[in-house]
Amino acid sequence: MSKVINFIRGEHKQLRSELSAIEYISWWVLRVLQTFVLVRLFINDRSNTNVLLLALNLLATFTIPLVRLLLFPKKLFTRISFHAQTWLNVMIFFGSFLAQGLEWNHEITSWDKILHVIAGFVIVFIGNELASMFLDKGNSISPLFRTYSSVGFSYIAIVIWEVFEFFVDYYWVDSCNQAYNISPDRDPFFFVIFGQGAQNENQWAVFDTNVDMLCAVAGSIPAAILLFIYLNKKKESRKTEEKEPVNA
């Protein structure tokens, strides 16, 4: 027990040192919001599917500390930056708190597709953070290659999610992923893209999967541009610092 307590203290200390004040505060605000909405939904309707989803996403807000605690080898996973969790929390905020907790999936037109654009954007930056696990603090690889690797990670995550979503929708009738419950009112964008072909309900799952991936790819493009610009400026700044003479 003492080892776990010491681990928690050490993680919290490192968390404070790595993150800005805004990031640190947002970590705990998200957890409080998730807990509040989870308790409210549980009290109102214990059978609500969103209760389980919110509970899992509340646990996901501790992904990085849990990975650093449970997975081996320790030398590899303890190198994961807490900034990766910050980006993951952005997805949890939009995809769990807003979509499931406040039910924006049903209230906001095409919110599911907006989420996939956001996911494609955010996962690129998560991939960039994870790259630091394998690179020498990310300094030994060119900005272009690192950006390419981060985008590749995003695309892999997108495909894995769609495979997961397909099986959940297929075997879980009450799934909230909506692939078999698309409606013109909630997702008109879907029907505009596919026109009359989308009127065939038997093809909705196929259409939905492809539109989700296209939206995620669309989100990854501006993320890749921003990441490349950031990494390139960081590299130039590092070169400038190395050229500056050291004062005796």
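How are α1 and α2 oriented to each other? In this predicted model, α1 and α2 are oblique to each other, and the legends below begin with that pair.

**Figure 1. Overview of the predicted model, an assembly of 11 helices and zero strands.** From the N terminus on, the elements run α-α-α-α-α-α-α-α-α-α-α. Of the 248 residues of the protein, 40% count as buried. The protein exposes about 14800 Å², and carbon and sulfur atoms supply 68% of that area. Among contacts with a separation of 6 or more, 66% are between residues 24 or more positions apart.

**Figure 2. Close-up of helix α1 (residues 2-18) against α2.** Two packed helices are described by the angle between their axes and the distance between the axes. Here the axes come within 8 Å and cross at roughly 130°. An angle over 145 degrees would count as roughly antiparallel and one of 65 to 115 as roughly perpendicular; α1 and α2 are therefore oblique. On the α1 side the contact involves His12, Leu15 and Arg16. These residues meet Tyr24, Trp27 and Trp28 of α2.

**Figure 3. Close-up of the ring pair Tyr24 and Trp28 in helix α2 (residues 21-44).** A search of the whole structure finds nine aromatic pairs. In the pair shown, the ring centres of Tyr24 and Trp28 are 6.4 Å apart. Their planes stand at 70°, so the pair is edge-to-face. Tyr24 and Trp28 are four residues apart in α2, a separation of about one helical turn. Tyr24 counts as buried, at 18% relative accessibility, whereas Trp28 counts as partly exposed, at 35%. Both residues also take part in the contact with α1.

**Figure 4. Close-up of Arg31, which lies over the faces of Trp28 and Phe62.** Arg31 is 5.3 Å from the ring centre of Trp28. For Phe62, the distance from Arg31 to the ring centre is 4.4 Å. The Trp28 ring in this view is also the partner of Tyr24 in the edge-to-face pair.

**Figure 5. Close-up of helices α6 and α8, whose axes come within 8 Å.** The axes cross at roughly 170°. That angle makes α6 roughly antiparallel to α8. The contact is made on the α6 side by residues including His83, Trp87, Met91, Phe94 and Leu98. Residues of α8 in the contact include Trp111, Leu115, Ile118, Val122 and Glu129.

**Figure 6. Close-up of Trp111 in helix α8 and its surroundings.** Trp111 is buried, with a relative accessible area of 6%. The rings of Phe94 and Trp111 have their centres 6.4 Å apart and their planes at 35°, so this pair is tilted. The pair links distant parts of the chain, with Phe94 in helix α6 (residues 83-101) and Trp111 in helix α8 (residues 111-131). The C-alpha atoms of Trp111 and Phe94 are separated by 9.6 Å, at 17 residues apart along the chain. Phe94 counts as partly exposed, at 26% relative accessibility. Ring pairs link Phe93, Phe94, Phe97, Trp104 and Trp111 into a cluster. Leaving aside neighbours within four places in sequence, Trp111 is in contact with Phe94, Leu98, Ala99, Trp104 and Asn105.

**Figure 7. Close-up of Glu103 in the loop between α6 and α7 (104-107).** Phi of Glu103 is near 60°. This is a positive value in a residue other than glycine. At 31% relative accessibility, Glu103 counts as partly exposed.

**Figure 8. Close-up of Ser150 in helix α9 (residues 143-171).** At 1% relative accessibility, Ser150 counts as buried. Leaving aside its neighbours within four places in sequence, Ser150 is in contact with Ile123, Val124, Gly127, Asn128 and Leu227. Ser150 and Ser220 are 70 residues apart in sequence, while their C-alpha atoms are 9.5 Å apart in space.

How values were computed:
Residues numbered from 1 in each chain as written. Predicted model: local features only at pLDDT ≥ 70, side-chain atom pairs only at ≥ 80, totals over all residues. Heavy atoms only, no water. Phe/Tyr/Trp six-rings, centres within 6.5 Å; stacked < 30°, edge-to-face > 60°. Helix = DSSP H or I, 4+ residues; strand = E, 2+ residues; numbered from the N terminus. Buried < 20%, exposed > 50% of the residue type's maximum accessible area, 1.4 Å probe, protein only. Lys NZ or Arg CZ within 6 Å of the ring centre and 35° of its normal. Contact = heavy atoms within 4.5 Å. Areas by Shrake-Rupley, 256 points an atom, 1.4 Å probe, with all protein chains shown as cover. Axes fitted to C-alpha atoms, helices over the stretch in contact; angles between N-to-C directions. Parallel < 35°, antiparallel > 145°, perpendicular 65-115°, else oblique.
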